[in-house]
Amino acid sequence: MAKDNDTAEFGFFLIGISNYPEWRDTFFTMLLITYLCTLLGNGLIIFLIHFDPHLHTPMYFFLSNLSFLDLCYGTASMPQALVHCFSIHPYLSYSQCFTQMSVSLALATAECLLLAVMAYDRVVAISNPLRYSMVMNGPVCLWLAVTLWGVSVVLSAMLVLSLRLRFCGANVINHFVCEILSLLKLACSDTSVNELMILITGIFTLLLPFGFVLLSYVRIVAAVLRIRSSQGKFKAFSTCGSHLTVVTIFYGTTISMYIKPQSKSSPDQDKFISVFYGALTPMLNPLIYSLRNKDVKGAMRKVMAKMA
């Protein structure tokens with residue numbers, strides 16, 4: 001990324017919440033609560049899955065990956081956003097901006113792919129319960145996890161390393177964090193190739209996984225409809241409904257950000273939309289996927305009994 005002025009030598013200034021000073025205290029309080037819940041919920045899930053041998057199954061293996069991912073994803077952006085809430089001139093150097101953008105892209109891509117893998121795991125478990133342990137064995141689960149993390153890193157590196165941007169004016173980013181679309185809007189060089197790469201990457205990491213997740217839940221619903229017990233149906237639909245809610249929030253907000261013409265985007269709207277997938281989803285995932293689960297509740301009772 002080329003530097004054309006003195007400001008560029010130092011880095012970028014982040015507007016964040018400063019253009020809405022009346023909301024600063026409220027935003028800080030809500031974001032702090034969200035981050036603490038993210039740390040507590042996801043950290044608890046990782047600990048319980050490691051602690052209880054009964055949770056050493058494919059489903060909980062992927063859930064522990066999701067919790068670790070959400071811990072990292074939240075930590076990559078929320079502490080900085082909290083600090084900048086009351087900063088007079090919130091600023092990131094070039095190296096900090098580059099690092100944060102790369103890490104956030106890799107983690108977001110990994111979550112997109114991981115949610116699709118988790119949906120596949122549930123389809124196999126419900127549609128072929130007798131063959132589930134054979135299909136989703138240890139080596140397969142490990143291969144899926146390593147692959148999705150590897151693909152995420154490679155795709156993110158391709159996007160970031162392809163940036164050849166020149167900044168001619170004030171390097172002021174209208175966002176809470178250093179985000180790739182916000183950087184493209186600042187550039188005075190041609191960004192059409194970068195926008196095309198983001199669109200193509202978004203199709204493979206957002207639209208296709210989201211479509212796969214929806215098809216997976218269609219199959220799950222079809223299997224649930226064959227359950228004779230009305231109580232069993234209600235429980236299954238309740239679980240699927242909550243899962244789909246979180247998945248739709250995450251995919252829906254990211255798709256609305258990245259799979260659209262950048263000329264139609266609004267900086268203020270985009271930065272608040274990013275709060276949903278960058279802060280709200282990491283907090284909700286452990287509540288929806290794990291903490292309501294009877295196996296996890298059982299593991300929590302065991303831990304509390306040992307501590308008593």
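Leaving aside neighbours within four places in sequence, which residues is tyrosine 251 in contact with?

**Entry 1, ground rules.** I am working with a predicted model, where local features need pLDDT of at least 70, side-chain atom pairs count only at pLDDT 80 or more, and totals for chains, interfaces and linings use all residues. Residues are numbered from 1 along each chain as its sequence is written, and side-chain values use heavy atoms, with hydrogens and water left out.

**Entry 2, Tyr251.** I looked up its contacts (heavy atoms within 4.5 Å) and found Glu111, Cys112, Leu115, Ala116, Thr205, Leu206, Pro209, Phe210 and Val213.

**Entry 3, cores.** I then checked the nonpolar cores (sets of buried Ala, Val, Leu, Ile, Met, Phe, Trp, Tyr and Cys joined through side-chain atoms within 4.5 Å; buried is under 20% relative accessible area with a 1.4 Å probe, protein chains only). The largest has 71 residues, and Ile180, Leu183 and Tyr251 touch the most other members. Helix H4 (helices are DSSP runs of H or I, at least four residues, numbered from the N terminus) gives this core the most, 18 residues. Another core lies apart, with 11 residues, including Phe27 and Phe176.

**Entry 4, cavities.** I wanted enclosed space next: on a 1 Å grid over the protein atoms alone, points where a 1.4 Å probe fits but cannot get out, lined by residues with an atom within 4 Å of a point. I noted two cavities of 30 Å³ or more. The largest holds about 530 Å³, volume being the space filled by probe spheres set on points joined across faces, edges and corners. Its lining has 33 residues, with Tyr73, Ser104, Glu179, Tyr258 and Tyr277 closest to the centre. H4 supplies the largest share of that lining, six residues. The second largest cavity holds about 70 Å³, and I spotted Phe27 and Phe176 among its lining residues.

How values were computed
1 Å grid on protein atoms, 1.4 Å probe; cavity = no way out; pocket = protein on both sides within 12 Å on 5 of 7 lines; lining within 4 Å. Helix = DSSP H or I, 4+ residues; strand = E, 2+ residues; numbered from the N terminus. Buried < 20%, exposed > 50% of the residue type's maximum accessible area, 1.4 Å probe, protein only.
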